[in-house]
Amino acid sequence: MARVYNFSAGPAVLPEEVLKEAADEMLDYKGTGMSVMEMSHRSKAYQAIIDEAEADLRELMNIPDNYKVLFLQGGASQQFAMIPMNLMKNKVADYIVTGQWAKKAYQEAQIYGKANKIASSEDKTFSYIPDCSDLPISEDADYVYICENNTIYGTKFKTLPNTKGKTLVADVSSCFLSEPVDVTKYGVIYGGVQKNIGPAGVVIVIIREDLITEDTLPGTPTMLKYKIHADNGSMYNTPPAYGIYICGKVFKWIKKMGGLTAMKERNEAKAKVLYDFLDESKLFKGTVRKEDRSLMNVPFVTGNEELDAKFVKEATAAGFVNLKGHRTVGGMRASIYNAMPIEGVQKLVEFMKKFEEENA
Ligand SMILES: *Cc1c(COP(=O)(O)O)cnc(C)c1O
């Protein structure tokens with residue numbers, strides 16, 4: 001068995017320990033004689049799995065009691081509609097557009113009401129985070145929306161926008177559990193889990209209770225109402241049961257590693273190895289304004305498309321896979337999520353140094 005260093009942006013690398021544990025439990029989960037995949041979601045054994053997953057997530061993120069944790073389906077993209085359908089009471093919302101995912105959310109919201117683009121970094125290919133200290137927040141905005149870590153472009157909000165008292169809604173798909181957060185600053189925090197937590201098919205929504213109401217937009221399908229899922233403990237229908245089980249194992253792994261403070265230190269150390277090299281390299285360059293650099297997604301280029309392609313090809317052959325940048329940015333992108341060990345980044349940098357020498 002040969003595991004590669006997988007720099008995929010998502011679905012992405014998971015902790016090897018978690019995968020091994022899941023493999024051990026595949027045929028017989030804790031003496032039940034069946035796989036979690038084969039188990040009724042109404043069984044005692046499964047209820048314990050989802051309850052423990054929620055409790056561990058609450059502990060990791062220090063989630064206050066007045067927030068619900070929902071395990072839903074439809075990926076992060078489903079939330080682009082679900083958020084306006086449930087939160088747009090005045091049919092107005094303000095969007096900060098810092099990349100493709102924020103843009104998609106902004107466009108989706110336009111179906112349901114007046115979505116205002118109050119800031120954008122599209123003028124420079126989303127390579128920075130705009131100043132959000134004094135934005136023209138709409139008086140009647142139901143919420144202000146951000147994508148906190150921009151997976152494709154490699155930028156991250158280091159300070160949250162000043163929403164002037166409005167509810168903040170954040171897509172944290174690609175920075176979920178990468179560092180400590182103050183949940184109380186948000187109305188809704190959500191993310192698809194396939195970037196940093198688990199297998200695709202689960203989206204976690206952490207939502208303040210007062211935002212969960214019967215008062216959704218007319219025509220909102222039952223399955224897209226937060227209230228129905230909150231009232232039923234994420235079990236209104238069959239949840240993505242196996243995916244949630246893996247998420248639960250990743251929560252335990254993070255707890256064992258020392259929680260989110262330890263994750264942050266680990267992620268900073270990892271990112272520093274790569275950014276320090278990019279800053280001194282004569283061949284490779286980072287594409288993001290330094291102060292806005294993500295700890296999770298690191299895009300870089302050589303400035304020469306042929307050389308980029310050669311690098312990706314040779315890196316793949318050497319066991320560093322999924323380094324090709326997003327089609328809208330080109331170049332390369334190394335996604336170095338929680339589960340990527342620092343050795344993976346160190347070895348990648350060694351490989352980049354060697355490539356630089358050979359192609360000087
Ligand atoms: C990947 C990603 C999405 C889309 O996730 P899906 O689960 O495929 O819908 C949305 N937002 C961000 C920040 C992402 O990284």
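Colleague: Which hand does the crossing of H2 and H6 have, left or right?

Modeller: In this predicted model, the crossing of H2 and H6 is left-handed. That word applies if the near helix is turned anticlockwise from the far one by less than a right angle.

Colleague: What makes H2 oblique to H6?

Modeller: The axes of H2 (residues 44–61) and H6 come within 9 Å and cross at roughly 40 degrees. Roughly parallel needs an angle under 35 degrees, and roughly perpendicular runs from 65 to 115. The crossing angle of H2 and H6 fits neither range, so H2 is oblique to H6.

Colleague: Why are H1 and H6 called oblique to each other?

Modeller: The axes of H1 (residues 16–24) and H6 (residues 241–257) cross at roughly 135 degrees and come within 10 Å. Roughly antiparallel needs an angle over 145 degrees, and the perpendicular range ends at 115. H1 and H6 are therefore oblique. Their crossing is right-handed.

Colleague: What makes H8 oblique to H9?

Modeller: H8 (residues 305–317) and H9 (residues 342–358) have axes that come within 11 Å and cross at roughly 130 degrees. That makes H8 oblique to H9, because the angle falls between the limits of 115 and 145 degrees. The crossing of H8 and H9 is right-handed.

Colleague: Now the ligand. How do you know which residues are around the ligand?

Modeller: A residue counts if one of its heavy atoms lies within 4 Å of the ligand. Those residues are Gly75, Ala76, Ser77, Phe80, Trp101, Cys147, Asn149, Thr151, Asp171, Ser173, Gln194 and Lys195. The largest share of this shell, four residues, comes from helix H3 (residues 75–87).

Colleague: How many residues of the shell are nonpolar, polar or charged?

Modeller: The shell divides into six polar, four nonpolar and two charged residues. Gly75 belongs to the shell, and glycine counts as polar in this scheme.

Colleague: How do you know that threonine 151 makes a polar contact with the ligand?

Modeller: A polar contact is a pair of N or O atoms within 3.5 Å. An N or O atom in the side chain of threonine 151 is 2.4 Å from an oxygen atom of the ligand, so the pair qualifies. Glutamine 194 has a polar side-chain atom 2.8 Å from a ligand oxygen, so that pair also meets the limit. Alanine 76 uses a backbone N or O atom, 3.0 Å from an oxygen atom of the ligand.

Colleague: What share of the ligand's exposed area does the protein bury?

Modeller: Taken alone the ligand exposes 380 Å², and the protein buries 86% of that.

Definitions and conventions:
Residues are numbered from 1 along each chain as its sequence is written. This is a predicted model: local features need pLDDT of at least 70, side-chain atom pairs count only at pLDDT 80 or more; totals for chains, interfaces and linings use all residues. Side-chain values use heavy atoms; hydrogens and water are left out. A polar contact is a pair of N or O atoms within 3.5 Å; within protein, one must be able to donate a hydrogen and the other to accept it, and residues adjacent in sequence count only if both atoms are side-chain atoms. Accessible areas come from the Shrake-Rupley method with a 1.4 Å probe; for residues, only the protein chains shown count as cover. Helices (H or I, at least four residues) and strands (E, at least two) are DSSP runs, numbered from the N terminus. Axes are lines fitted to C-alpha atoms, for helices over the stretch in contact, and angles run from 0 to 180 degrees between N-to-C directions.
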